[in-house]
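Please look through the structure shown here with its strands and aromatic rings in mind. The paragraphs below lead from one to the other.

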Amino acid sequence: CRTLIKAALQFPHKHGQTQFQSLLMTDGAAMETPLCTPHDIQICEVTCDSFRIGWDMTPEDTARATHFFIDLSRKESRDPNRFKHRDVPTKLVAKAVPLPMAVRGHWFLSPRTEYCVAVQTAIRQADGDYQVSEWSQVVEFCTGDYAMEHLQQLLDKASGSTGRLLKFSVFYRNQHPDYFENCGGLMRPSLKDNSGSHGSPINGKLSGVFLSCNTEFDTGLPPKDSPYGSLRFQVPAGSLLDANTSLYFADFYCMYTAYHYVVLVLAPGGSDGDNFCRGRLPKLDLSSNPFLTCIAPEAPGEEPLFCHASDVILEVLYTEPLHLETGTVEQISGHHQLMSLTTANAKKDPSCKVCNISVGR
């Protein structure tokens, strides 16, 4: 019987009722009153790797149906995410349960992905065959972002890869000369691209200015090289990071490399960026976290102590515009053609055991 069901489910609903039923009937099998086609399909409680589905059935069909067949597939896209899970058979068989029923599975559901779904009701008969309804209409829905619990799992994984804390004194941003010449003295926030984890809530939704703070081990200064451009804007760390600043964890990923990236969001308290992140991202304690810290001075006249994680590359998204006059713009002394290190629209390695969690990538 299991083999028969598997064979029957190889036929998508678009091929029609006749082929499906021909596989499920045996010679001389008598059909009961036909099942009505499920209608008014409803999708609710959608997460990054689960959803609930319900539909309208007649009382007679509700009493008779023993199984539900669900045809789930990704909606065709001109730009598919080639780095998500491989497609697996998505003709699901479930025993009839009260509706709406839950569908869960990180092995076939990915975050922020559009899906098509149709359903069929069935009655298992005494000889093991199935009487089935027509397929319902196809409905579409989109899975959600990582929830807070998923981001906390990602944060916990990232915490194990950070290494010791190193001192730093400036945030910096490298760009080509044209960028600084045409920005009008103001670096404006731009929308976060889709690099990193596909389910990060900030992708395509939160705007900011990306900054770095990593330093070299031997000098304690920013690296001489950059893949982003030959000019570097530098601003004192204390200009952006103080007790009134909110710091959030947003992502942990790699790009098929040995080193990993951690994305943090830096937002002035009460700002639009702060309001967006609150409730969506884990908030970090400025004075005690494994990524980026600001320790208040112990005595009057002393400077705060700023530290960054040594074993990951930090990408800090500052949610407000930045005036060039708040810092300096200078030529870097090293090379700036290391384009292989750029993370623009970079896709996360879905096979990495260090930075992936057990939900859709």
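What follows describes two sheets and then some contacts of aromatic rings.

This is a predicted model, in which local features need pLDDT of at least 70 and side-chain atom pairs count only at pLDDT 80 or more, while totals for chains, interfaces and linings use all residues. Residues are numbered from 1 along each chain as its sequence is written, and side-chain values use heavy atoms, with hydrogens and water left out.

One open sheet consists of three strands in the order S1-S2-S5, with antiparallel pairing; strands here are DSSP runs (E, at least two residues) numbered from the N terminus, and two of them pair if DSSP finds at least two bridges between them. Strand S1 (39-44) and strand S5 (101-104) stand at the edges, and because each has a single partner strand, one side of each is left without a neighbour in the sheet. From one strand to the next the twist averages 30°, an angle taken between N-to-C directions, on a scale from 0 to 180 degrees, of axes that are lines fitted to C-alpha atoms.

Four bridges join S1 to S2 in the antiparallel sense, and Gln-42 has Gly-54 in S2 as its bridge partner. These two strands form a hairpin with five residues between them, and in the turn Glu-45 has a positive phi of about 50°. Strand S2 (residues 50-56) also pairs with S5, again antiparallel and over four bridges, with Ile-53 standing opposite Met-101 in S5.

Another open sheet of three antiparallel strands has the order S9-S19-S18. Its edges are strand S9 (165-167) and strand S18 (292-295), each with a single partner strand, so one side of each has no neighbour in the sheet. S9 and strand S19 (residues 305-309) pair in the antiparallel sense over three bridges, and Leu-166 has His-308 in S19 as its bridge partner.

Turning to the rings, a search of the whole structure finds 10 aromatic pairs, where rings of Phe, Tyr and Trp (its six-membered ring) pair if their centres lie within 6.5 Å, and planes under 30 degrees apart count as stacked, over 60 as edge-to-face and the rest as tilted. The rings of Tyr-115 and Phe-141 are stacked because their centres are 5.8 Å apart and their planes stand at 25°. Tyr-115 lies in strand S6 (residues 114-124) and Phe-141 in strand S8 (residues 139-142), so the pair ties together parts that are 26 residues apart in sequence. Ring pairs also link Phe-51, Tyr-115 and Phe-141 into a cluster.
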